[in-house]
Amino acid sequence: MIPIPDLAIDFIKSFEGCRLSKYKDSAGLWTIGVGHLMKPSDNLPDKLTTEEVDNLLEHDLQNAARSLMRMTKPELNDYQFSALLSFIFNVGSGAYQRSTLLKKINRGDFVGAADEFLKWDKVLGKVVNGLKIRRIAEKTLFLKTE
């Protein structure tokens, strides 16, 4: 298991919230718990317990962390790791893999990479205020040193 900083968990929960019942997110996708996109293979009930939500979140964060560590070459501090984990959790590892954000990080351009967060504030081509706020917070966290 990859250790997930409490900072990352709290940060992600602050933006995702928690819903025990399934709902459609801003992109119209069925979601449950703490931002878990439901797949047909999940075979999840329409309502979860708090314990089930916590287990699902841990599973999702482990998947995101594995992707993050596999694709990202430089060593990251907890702030950078947490910001990127939040980003991957939200947009998916495929989007991260194709992103200029990752390319800049892997070239060691952390300041340039931080600006890339701000480009990911749209759903279906429209700016979403909640994503705009989240990306600013991820950028700020990514650049934090102490």
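Helices, as the term is used here, are DSSP runs of H or I with at least four residues, numbered from the N terminus, and in that sense F142 lies in helix α7. The model described is a predicted one, and the protein contains seven helices and five strands. Read along the sequence, these elements follow the pattern α-β-β-β-α-α-α-α-α-β-β-α. The radius of gyration is 15 Å, close to the 15 Å that the globule rule gives for 146 residues, so the protein is as compact as a globular protein of that length.

**Overall dimensions and contacts**

- The C-alpha trace of the protein spans about 45 × 35 × 25 Å along its principal axes.
- Of the 146 residues in the protein, 41% are buried.
- When contacts between residues at least 6 apart in sequence are considered, 56% of them join residues at least 24 apart.

**Helix α7 and its buried side**

- Helix α7 comprises the 15 residues 129–143, which at 1.5 Å a residue should span 21 Å, and the separation of 21 Å between its end C-alpha atoms agrees with that expectation.
- The buried residues in α7 are L131, R134, R135, E138, L141 and F142; because they cover an arc of only 125° around the axis, they fall on the same side of the helix.
- N129 and T140, by contrast, are exposed on the other side of α7.
- As general background to such a pattern, an α-helix has 3.6 residues a turn, so residues three or four places apart point the same way.
- The packing partners of the buried residues of α7 are four helices and a strand, namely α1 (6–16), α3 (78–91), α5 (100–106), α6 (110–116) and β4 (122–123).

**F142 within α7**

- F142 has a relative accessible area of 2%, and since a residue counts as buried under 20%, F142 is buried.
- Leaving out residues up to four places away in sequence, F142 touches Y79, Q80, A83, L84, I105, F110, A113, A114 and F117.
- The C-alpha atom of F142 is separated by 25 Å from that of L56, a residue 86 places away along the chain.

**S86 and its link to α7**

- S86 is found in helix α3, where it is buried with a relative accessible area of 0%.
- Apart from its neighbours within four places in sequence, S86 is in contact with F11, I12, R134 and E138.
- With E138, the side chain of S86 makes a polar contact, side chain to side chain, at 2.7 Å; E138 is itself among the buried residues of α7.

**Helix α2**

- Helix α2 runs over the 22 residues 50–71, for which 1.5 Å a residue predicts a span of 32 Å, and its end C-alpha atoms are indeed 32 Å apart.
- V53, L56, L57, D60, L61, Q62, A64, A65, S67, L68 and M71 are the buried residues of this helix.

**The three-stranded sheet**

- Three strands form an open sheet in the order β1-β2-β3, with antiparallel pairing; β1 and β3 stand at the edges, each with a single partner strand, so one side of each is left without a neighbour in the sheet.
- Strand β1 (residues 19–24) pairs with strand β2 (residues 30–33) in the antiparallel sense over three bridges, and within this pairing R19 stands opposite G33 in β2.
- The hairpin of β1 and β2 has five residues between the strands, and in it G28 takes a positive phi near 85°.
- Strands β2 and β3 also run antiparallel and are joined by two bridges, with H36 in β3 serving as the bridge partner of I32.

**Loop residues with positive phi**

- N43, although it is not a glycine, has a positive phi of about 55°; its place is in the loop between β3 (36–37) and α2, and at 71% relative accessibility N43 counts as exposed.
- L124, likewise a residue other than glycine, has a positive phi near 55°; L124 lies in the loop between β4 and β5 (126–127), and its relative accessibility of 73% makes it count as exposed.

Conventions: Residues numbered from 1 in each chain as written. Predicted model: local features only at pLDDT ≥ 70, side-chain atom pairs only at ≥ 80, totals over all residues. Heavy atoms only, no water. Expected span 1.5 Å × (residues − 1). Buried < 20%, exposed > 50% of the residue type's maximum accessible area, 1.4 Å probe, protein only. Arc of directions from axis to C-beta. Contact = heavy atoms within 4.5 Å. Pairing = 2+ DSSP bridges. Polar contact = N/O pair within 3.5 Å; in protein donor to acceptor, adjacent residues only side chain to side chain. Rg over C-alpha atoms; globule rule 2.2 N^0.38 Å.
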